[in-house]
Structures are given as structure tokens and as C-alpha cells.
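Okay, thanks everyone, let's get going. I'll put the structure up and then walk through a few spots in it.

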Amino acid sequence: MKFLLFALAASAADFTTHVQPILEKHCTSCHGATVQMGGLDLRTPEAIRKGGSKGAALVAGAVGKSLVYARIADQTMPPGAKKVPSSEAAVIRQWIEAGATGEGKASQAAPKHWAFVAPRRNQPPRVRNAGWVRTPVDAFLLARMEASGIRPVREASKETLLRRVYLDLIGLPPSLEEQRAFAADPSPQAYDRVVEALLNRPEYGERWARHWLDLVRYAESNGYERDGAKPHAWRYRDWVIDAFNRDKPYDRFVTEQLAGDEVEGSNAETQIATTFLRLGTWDDEPAEPMLDRYDQLDDVLGVTSAALLGVTLRCARCHDHKFEPFTQKDYYRTLAVFQPLKRPQDDRKDLDRLVGTEAELAAYNKAKEKADGEVAERKQKIDRIRRDVMKRLFSAESKARRTQGLTWLDHAETVLAFATEAGRRTKEQKALVEKFNSQLDTAIEEEGTTDERSQMALLKQEVAQIDAARPKEPPRAYIWFEEGASPVATRLLVRGDPSRPGEEVEPGVPAVLGGLPEVKTTARSSGRRLALARWMTAAENPLTARVMVNRVWQWHFGEGIVPSENDFGVNGQRPANQELLDWLAVEFRESGWSMKQLHRLMVKSSAYRLSADWDESNAKKDAGGVLSWRWKPRRLEAEVVRDMTLAVSGRLNGQQSGPSIFPALPRAVLEGQSVPGSGWNTSNDEQSARRSVYIFAKRSLAVPELELLDAPDTTSSCEQRTVSTTGPQALTFLNGDFTNAQARHLAGRIGDKPASEQVRQVFRLALAREASDSEVAAGVEYLSRRPLESFALVLLNANEYFYLN
Amino acid sequence: MAGHSRREFLWETGAGFTGTALTWLLSQSGFFANAAEVSPLAPKKPHFAAKAKSCIFLFMYGGPSQVDTWDPKPTLNKYHGEPMPNLESDPLLKVRKPGTLLGSTRKFKRYGQSGIEVSDLYPVLGERIDDIALIRGTWADSFAHGSGLLQMNTGFIRQGYPSLGSWMAYGLGTENQNLPAFVVLLDHRGGPISGPPNWSSGFMPAAYQGTQFRTAGDPVLFLEPPKGTTREEQRDQLNLLAKLHQLRGPAGPENSELNARIASYELAFRMQTAAPEAVDLSKESEATRKLYGIDNERTEKFGKKCLIARRLIERGVRFVQLYSGGGHGDDNWDAHGNVDKNHEHHCGSTDKPIAGLLDDLKSRGLLDETLIVWAGEFGRTPTSQSRTGRDHSPRGFTTWMAGGGVKGGQVIGATDDFGYAAVEGKVHVHDLHATILHLMGMNHLQLTYFHAGRNMRLTDVHGNVIERLL
């Protein structure tokens, strides 16, 4: 740029050569070909002169009156942190001062933001040290390293690598047996065999589903005043686990969650997937019902755009997006996709629904209706007989019998209550009837004639037979529903205010990202979500595949290739290695969207197998620390720490799937509720020792050892856990009931042996490695003064224990 | 904050221990004398100089009735028993099916130099009216406890946002690393509706969330080692923890994060002394206990909490929130059945303790640097419910502030003749929040946290500082 300024001193700035590149770099993504925010187009001098809603943006010779310069100079534009450098602003200034000449061609293809252009197939680069390359991923990484004169550090030890890949892929540490087997296997394929075995274990799905549940803000209660349970929401959790375990292709995975009720062959499984759309918070007593309705839709749109597309579309609810080329109209067009969804509810009561294929549901309903009718008919007959008997029972003639013990009939009110038809009884009468019903049954039995008794017995038998022959109820699921083909029109809301509807909009997607394919409406639903899913999973979609491969990279390596994992927009971060990202995205799509294939490419790479060794000279050449020449240790997620601790102590209950569990919570935690303990049905010890993914996700109550270790807030999509370190966290793991109980179990598991052997065994179980001599010495010294469970507790708190090394 | 990963962001705001090379280089060069200095709660400079250094928020959960306490309405009494005029003008009133106007049975009296009228429910606090700025034009968005509480605490009627205390902890850190920055003292009858989301840090790290302090037993969850573990043994445990780290600590930038973990255990160890000491009232004089009403069964419980609040802010805690009222029904201020009976109880148990807190802070020279806020999640209707009770009403109610640079002895805003809706000098909850932050030295427009593509604020896109209050 210095050179450019020098040149400018001699000759006036030219629009096409000097000014346009600057505007294209900083401005035209929002004021260009696709989007003209504020009506402003900055592609040609003429368009700039014309200006936008704030009037002319350029007055030749008058810098002060030229908004295009003024807004850049006072740094109000562009919004966000990336400003136009003063050297470049000076170029624009000089151009205006010199008369703002030039015509400039409005390039239709003003360079689009990288992430909004579909990735293309590329080839892994050539590298000098080809022997280091185990999977194509390595070639992309090594090429960058070689270009910077960096050599990757050595490979991690077998012990470290085994613990790493176990915790990463299944979230549990290797058992002693597995440690021994791997140590004893000298084959170069030993590690790859472990990877394959782990990918085939059901614990893999439990571990990886948790990553996904973070993104979709999974919870099983509604939040707010009553924080009511979402009935059967856990079926979605099981669906996600199952999808990972069966390697459900990601395009299908996305499609079922968005439109499992609209896909061809829609069935219980695909419908359960749409629970995705209904996982948000729900205020059952909203202050403003209309606003609340749009809040709910905003929540669905927010999680869909952030988790699946990696864009912050939600920011365009009240006005055009301030940083991204998304207009308010884009927002409402996308919102229209979800507009037909209805919440099954009965006032404040949240309802689930039966799920299954159309045929299954129809057959069930038909059979149920038939059985209901048959049962009702017989019950009526029984009732008629009972009423006859009751009439006699309550009549004066039976007075004699009353003296034989049925004193309750002396109360006129009781008699009246029974004599009244069930539906017409008052609250008090209902209570009376309830109280005396079993006595009444006996009395009716005694009062009835033989004929009456046998009639009733026969009818009851028939009812029992009909009930027994009823078809099994299909599963219930926590989903929305659509009613039909003609949903209400969607209007843009001025300032996001539901009381100020503006122009009507058609369902769509942000214009800068393309357009929806044809929406095929059926009698049952609008078909809009299926169209959205088809657009998202189409080959030309620039975001879906990239966003997901980036997440898988993040979940393996700690940080995404694009470190702002939920924001691929202009305001997000650039990829550290776009060639790699794009190669992975295309490979992902073309290999049939297989998640397990992605794991193999990453986990079997040399980069994944690196040690955490530090190299001063590499560090100097890699200022940002982005070149992957070493493994970066990172803290394990709260759930992994809890599950690992249960595994280490030997108490882990591996039971899979089903309704959620409620581990015991300390009294002090329950005291924060307005009704302490409400909505928390404490499970027994055995159930409480299941994996954390099965713990009931209650929005107003949290398990301390998860919450204090940065478990995600469940109100919006969480793409990256925070890592905070606090005093209360240390207290929880040092003094808390959970860790102390597990430390006792761990000590019990080790049993009586020489102190040095006890130390070694705790190290093997907790850290999956042999203790060094100095560690054994420190441990033995400690055990000379303190009990084994105290030593075990320290290991369960150790830095190394909490980290993926 | 554009284009930063969450980890980097944490570092920039000093809000976390990060894995960046920079942190490591700084720690290697001795930049941090010890790892605790990069604590997310390290004290930070405010945006501008301010008097208030800490804040005590007195939360009257359930919704106190303004017309029976701080906002006399002779017109309401005059029309007692008649239907409320213009009932149709507010859809909310139609939905809630209000009874007829219910005059207040309370006697109002002028107090202090300012001559502001206060009801006989607050005879002791009335005498301190010259220290208090009454905000009679307060209003909020929700008539329901759940979303109302959330809004008074987080600014939003939707769940998932950081609470006021979290914003303060994030913006200012805290002066005493051995105690939490943000302490919540609940009523002995239970927590408020919605529970912990009221003191949650929302999308911010858990380090900023409120910590429940109990006034009996362990003040902090898991503060004490389990039975049978002595303090000496715990010391031993921490030494071993540090030793194992030294024997095998990796050499990379994550070392500062790991050192911070070791430091957090030391902090926990110090908290074991600091927290019980902070809630230990045995060294307080008889006169002080009396001042807070601890000698009287009626005021003892809330009095103790007020005294603990003073002790906490004296020890550098940034934000203390006290709840008056817990659980459901008349255990809190939710006077649907009989407003007199309910409020006689709740005012009676808080009047003396709050006055004691004001007096005590004043005599210790702490009132100027301590902001006191008094508020419920909403007020109550001037119309009746169950003959002698009142329903929720967010349209107009009274809150107040004192100390911390607040100009006392004044009334801000007014409700209509019946005391239903704020009509003059209206102060929305967002304005209240903007003002509280301002008094603590923070500009609510500048105190932002980047989340989901936006710089989020406590006040969302609203909020005006109440200039008259300053």
C-alpha cells in the first residue's frame, strides 16, 4: 500500500484501478450486486453518487459531503471489528478530491464472500516428506508446514494415543485389558484397528450425540415458571445416538430433523427426528402471545441457521443484518418455511403425539376406535345393571341390611352422590363416591341377583378380552404438526414488531445463498421444510457440508479450521486452511455424507497422532499457532469427566437408551427451586451411574459436576464449550459427593497390595499409563500418611485427568 | 469482537484462562505473578469513575402492591367498589378479569425534609425517605412471575440471558478472589419461581453466575471437606495435586491454563475460611444485631441476610441479591387473597432490617459506595381479586434506589389516578438496568458480550439512564 500511495502522489487515483478494489474488499458484500443495504450500491461512481436511503454518498471534490468517505473515516462503516485501513481510506479521499472520475463497470460477480461460494473438488498438495502422510488430510497440513519451514513434532506415545482416541471417540478410557492388548500389539495396523473397533461400539454414538445435542440446545423441559417436562423428548436423544451409530448419511440426518414428517416413507423414526424443531424453551403463560409465537419461530430459525448453516440470520429479525448480506426480507422468507408449524398443547399443558407411518396410524386409530366402541357398549350395559342394583340398595326395603354394617348408607348425602350420574356429580360428591366405591362394589355384588351377577361377570370378561387384544400403541413423540396445504401468509414485521405487519413474503432462503427448490405441497403439509432440506443438502449449497466437516474437525482437534464454528459469515473468521476445508467438504458429500469416513480421515492421520511436545523454533514460525505441528491438549467436557470417573471407579452402568435418569442432587441445589425437588424424580444408585447423556436435561436445575464444568446453557445453540476455571468448581470435585464416592469405589477396586503397586494401579486406571518412578515415590510417600481413597481422590482431580492429552 | 473464537475472546476480556500462545509467553516472562491474576473475576476498571463499588439488590419476590406502600392514591379510595374506567383500553386487564377498584386501607404520612408520603406499612423505612429515590413510574413487560422475574434479573422475558449480577461480575470483576463476585441469598421459605435461571450467566461462562450462599450450614455448596477429611489432609491433597502437575506439566501454552487450575484449588482452600467468616455474625455487636432487627423473631431472618450482605460487600463482593419471599402463595408478596394481611407480614419482616442496613452502611461511610436497589418483578392492580387481594400488574409500580451516588428524597415518575399504569416519567426495567450500570461506572451501551453473531447487552437495544436520579 505504501507503494500505491507513492504512485498516487504523482497521478490522480483511478476508480477501477485503485478505488474499486478497496470497496470490493470491504463494502460490496453488503452494498453490491446481491444485496444493497440501505438501498446503497457501491459498485460504480454513478451508483455511489446516487447514494441510498441517506441520500447521495458522493459529491465530487467535497470529501466532507461524501458519505462514502465520511462513514469509512469515522469508522462507523464497515460494522464489526475489521475497519478500512487509513492508507486505503486516503486513496478514496484523494479520488474524491481529484473529482471522482471514472466510470467503472458494475461487476455482477463482485467477489462473493468465500463461504457463500460452493466448494470445488481440489487435489491434496504434493509434499516433500511424503512418508509422513497417512491420510490426505496430512498432505494439506504438511504442505503449509513445509512452506513455513516447520517440522511436525514426534508421534505421541502409545499410552497417550490410546487414551486420546478412546476419550475422543467413545468418551470412556481404555480398560486395563485394552491397554495391555494395545501395548502388546507391535503391528503398524494396531492403532487403525483400535479406531475401527471404537467406531463400531455403541458408546461411540453416546459420545458423539452429545456434540450434536449441544448444537441443537437439547433439553427436556420448557424453562420459565413451571419448567414443565417435554414428554418423550428423550426419544430424540436416542434417535441421534442411533443415527451416529448407524452412520446415517448426514444429508439424511439433516433432512429427517427438518422434515421427517414430510419425507417420502415418513415413519415413527423420521418423525421423532423432528423433535429437533421443538426443543426450545416455551413460556406456557406468555406476556404477549403474538410476540411469543414469533419468539418461538425465531428460536427454530436461529438454531437451524446457526447449527446447520453456520450463519447468524437471526440478527436480521428487526432490521437488515448489520454485518452480513442478509436482509430483513431474507429473515422472514426463511421464517415462512416454519410458519405452518403448530404446537400440540392444551392450554398450559404441553402435548406429545403418536408417530408412525400413515398406514400404521390409520390402522391403529381404526382398531382403537372399534375397541373403544365395543368396550363402551359393554360398560354401559354393566352400568345399567349396577344402577338397577343400586336403586334397590338405596331403597327403603334394604334398610335391614344397612344395620348389618353398611352404616355409610345412612348419610343422605352419600346416597344422593351415588344416585347422581357420574358426570353431574359435584366435587364433594365425587370425593364421597371415591371414598365409598370399594364398599359399594361389595354391596352391589351382594345385592345383585344371580342373573345380574353372571351378566356383569360375562361383560367384564369380554371387556378384558377386548382390551387384551388391542393393538400396541405406537410410540409417542414430542413434535410439532402441520395441518394442511394452506398455511397463513407470512409478513415482514416492521422492526420485528408483530403488531406492525409489512409486505407479504414467500417462503425462501437468504438471497445471497440461492433459492429454494420447488415446494411440493401435499394435503397434509406445506412441504416447505422438505424443500429447505433439499436446498441445504444439494451439491451447490456452499455451507452445509463445510460447516459440518469443520465441526467434526473441531470435535477431534479442539478448534475448527474456521474457528468461529457457528459463523461462516463475513463477520466470522477465515479458515486457517481453506483448501483442506473444501477438500473435506467435497469428499464428505461425494462419499455419501458418511460421518465415520470423516472420522477415519482425521483420526487415522499423522496430525492426530502427534505428541504435545513443544518446539520453540516451530512456535516462532507459526505465530497464530494454526499449523497443526503438535497436538494441543484441551480440557475434557463435563460429561466425559463424569463418565470417565464412573468407568475408572468401576461403577459405570452401561445401560443404553430409554427415559432419562435423575442422579441425586444435594439439598442445597434443590433449595434454589420455588418447590424444592419438583420435577426431579431421584433415581437409584444403579440408574444414577449411567452415562451423562442420559441425565434428564432440566432447564432450571443442573447437576453441579456438569454445570460447574461448563456444560452448555440449553437456550441457544452451543458450538464451543467455554473453559472456565473457578473456586466453586474445585470445591465440587474435591469435596462433592460424586467424586468422593467414586474415589472410595476406586480404592475398593484396587484393594490391598503394596503401596507402590496401589499407586501404579491407580495411574493405570485413571490415566491409562504407567507411573514414573518419581510419581510412584510421591504416591508411596503420600500413602504412608493418608488412606488410598484420599490418593484416588487426588488422581480424579489431577490436571492430566481432566485433559485430553 | 468480530471474527474471534470464544477462547480468544475470553482472553481479550481477561475473562478466562486460554490456550493462546500469548498467555503462555506472558506467563513465562513473569507477566503474571501468579496464575490467579488471570482469573475471570480479576478486578477491572469501570468505563468511568463512579461512586458505587458494589450493589445490594433487595428483591421483593411476588410483586409488592404500590398503592399500599409507596404510591398513595386518594382517587382510588374515592372510587372504591366501582369498576375501573377504560377497562377496554388495556387488553391485559380484559384477559385477567379484574374485580372492582379496591381502595387502600393504609394510612399514608409525610416523612423527612422531602415530605414524601409513605404508608404505615413502612414506618421505619419512611424515616429514611430522604436517602431514597422512589421510582413511581416503573413498568415492565410481563404479568407472569416466571418471565417477570427473568426480566427484572436479566432484562429479557425469555430465558437464557445473563443476569444483572453476571454482567457486573463480567464488567467489573470482584475485589476479593476468595469469595464469589455475585452472591444470592434466598428466602428461608424457598427460591423464587424459575429458580436458578434468575441468577444464571446465560450465554456467558459459568464463572459469572450467581453463587447461592446459605445462611445456615455450609454457606457455599461443597465448601467443607467430606466428614473424616481434616484440613491438614486437604492441604496434603492439594500439595500432591501440585506435585503431580509439576512432575508432568506439558511445556506448551496450555501450561497457564493448567497452572490456573492448580490455583483454583488454592482459591477453594482459602474460600473455606473466607466464606464462613463472611457469614459469621458472632462478632457483630449487640447494638448492630438490634439495628437489623435480629433480636426480634419477626425480623430476624431478613435482618441476618441484610447484615450478611453488608459483611459481603465490605469484603469486596461486587453484587449481592437478597430475596424477600420464596416458594408460592403468601410465602412471598403474591397477595392474591388478602393484600393487607400479606403485606403486613412481608413489610413487617423487612422494614426494620432494610432501614438498619441503610443506617449501618451510612455510619460506616459505606452508603456512598454501595448501591441499594429495592424491587419486585412487578406491582399489583388497584382492582380487587378475591375481594381483598390484588392481581399482578406490570404497567406501573414502584421501585427505589438509595446510596451509591443516588440523589435521595425525590420521587421519579407517577402512575395514573388509580395507580394502575405509569403515565409520567416512565422508567422501564431496561432504564432501571441502564441506570444501575451507570451508577456502577459502566455504560450499558459499551458493556457487551459477543454471542450468536451479535454484541449482546443487558439492555438489549433499549435503555436510558435516569438522569434525575444521579
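Let me start with a question: is D352(A) buried or exposed? With a relative accessible area of 14%, D352(A) is buried, since the cut-off for that label is under 20%. Keep in mind throughout that what you're looking at is a predicted model.

So who does D352(A) talk to? Its side chain meets that of R476(A) in a salt bridge, 3.0 Å from N to O. This pair links distant parts of the chain: R476(A) is in strand β4 of chain A, residues 476–477, while D352(A) sits in the loop between β2 (349–350) and β3 (353–354), and the two are 124 residues apart. The partners don't share a label, by the way: R476(A) comes out as partly exposed, because its relative accessible area is 24%.

Staying in chain A, there's another bridge, between D350(A) and R343(A), with the closest N and O atoms 3.2 Å apart. Here both D350(A) and R343(A) are buried. If you're wondering about the overall tally, the structure holds 98 salt bridges over all chains, and I'm obviously not going through that list today.

One from chain B, though. D360(B) and R310(B) form a salt bridge, and their closest N and O atoms are 2.8 Å apart. D360(B) belongs to helix α12 (residues 339–363) and R310(B) to helix α11 (residues 297–314), so this pair ties together parts of chain B that are 50 residues apart in sequence. D360(B) counts as buried at 3% relative accessibility, and R310(B) is buried too, at 1% relative accessible area. And the pair isn't on its own: D360(B) and R310(B) are linked in a network of salt bridges with E277(B), E284(B), R311(B), E314(B), R315(B) and R364(B).

Now for charge on the surface, back in chain A. K381(A), R384(A), R387(A) and K391(A) form a positive surface patch. Take R384(A): it lies in helix α16, residues 358–394, and at 47% relative accessibility it counts as partly exposed. As a general reminder, an α-helix has 3.6 residues a turn, so residues three or four places apart point the same way.

On to a couple of helices in chain A. How many of the residues of α22(A) are buried? The count is 14 of the 14, so α22(A) is largely enclosed by the rest of the structure. Helix α22 covers residues 544–557 and reaches 20 Å from its first C-alpha to its last, close to the 20 Å expected at 1.5 Å a residue. What follows it is G558(A), with a positive phi near 100 degrees.

Then there's α7(A), residues 158–169, which has 12 residues and reaches 16 Å between its first and last C-alpha, close to the expected 16 Å. Of those 12 residues, 9 are buried, so this helix is also largely enclosed by the rest of the structure. Among the buried ones you'll find charged residues, including R163(A), R164(A) and D168(A). After α7(A) comes G171(A), and its phi is positive as well, near 70 degrees.

Last stop: G727(A), in helix α30 of chain A, residues 727–735. At 1% relative accessibility, G727(A) counts as buried. G727(A) and L708(A) are 19 residues apart in sequence, and their C-alpha atoms are 9.8 Å apart in space.

That's my tour, happy to take questions.

Note on methods
Residues are numbered from 1 along each chain as its sequence is written. Chains are lettered from A and ligands numbered from 1 in the order in which they are written. This is a predicted model: local features need pLDDT of at least 70, side-chain atom pairs count only at pLDDT 80 or more; totals for chains, interfaces and linings use all residues. Side-chain values use heavy atoms; hydrogens and water are left out. Helices (H or I, at least four residues) and strands (E, at least two) are DSSP runs, numbered from the N terminus. The expected span of a helix is 1.5 Å times one less than its number of residues. Buried means under 20% relative accessible area, exposed over 50%, partly exposed in between (1.4 Å probe, protein chains only). Patches are made of residues with over 30% relative accessible area and no salt bridge: like charges are joined within 9 Å, nonpolar side chains (Val, Leu, Ile, Met, Phe, Trp, Tyr) within 5 Å. Accessible areas come from the Shrake-Rupley method with a 1.4 Å probe; for residues, only the protein chains shown count as cover. A salt bridge is a side-chain nitrogen of Lys or Arg within 4 Å of a carboxyl oxygen of Asp or Glu. Lys and Arg count as positive and Asp and Glu as negative; His and the chain ends are not counted. The place of a charge is taken as NZ of Lys, CZ of Arg, CG of Asp or CD of Glu.
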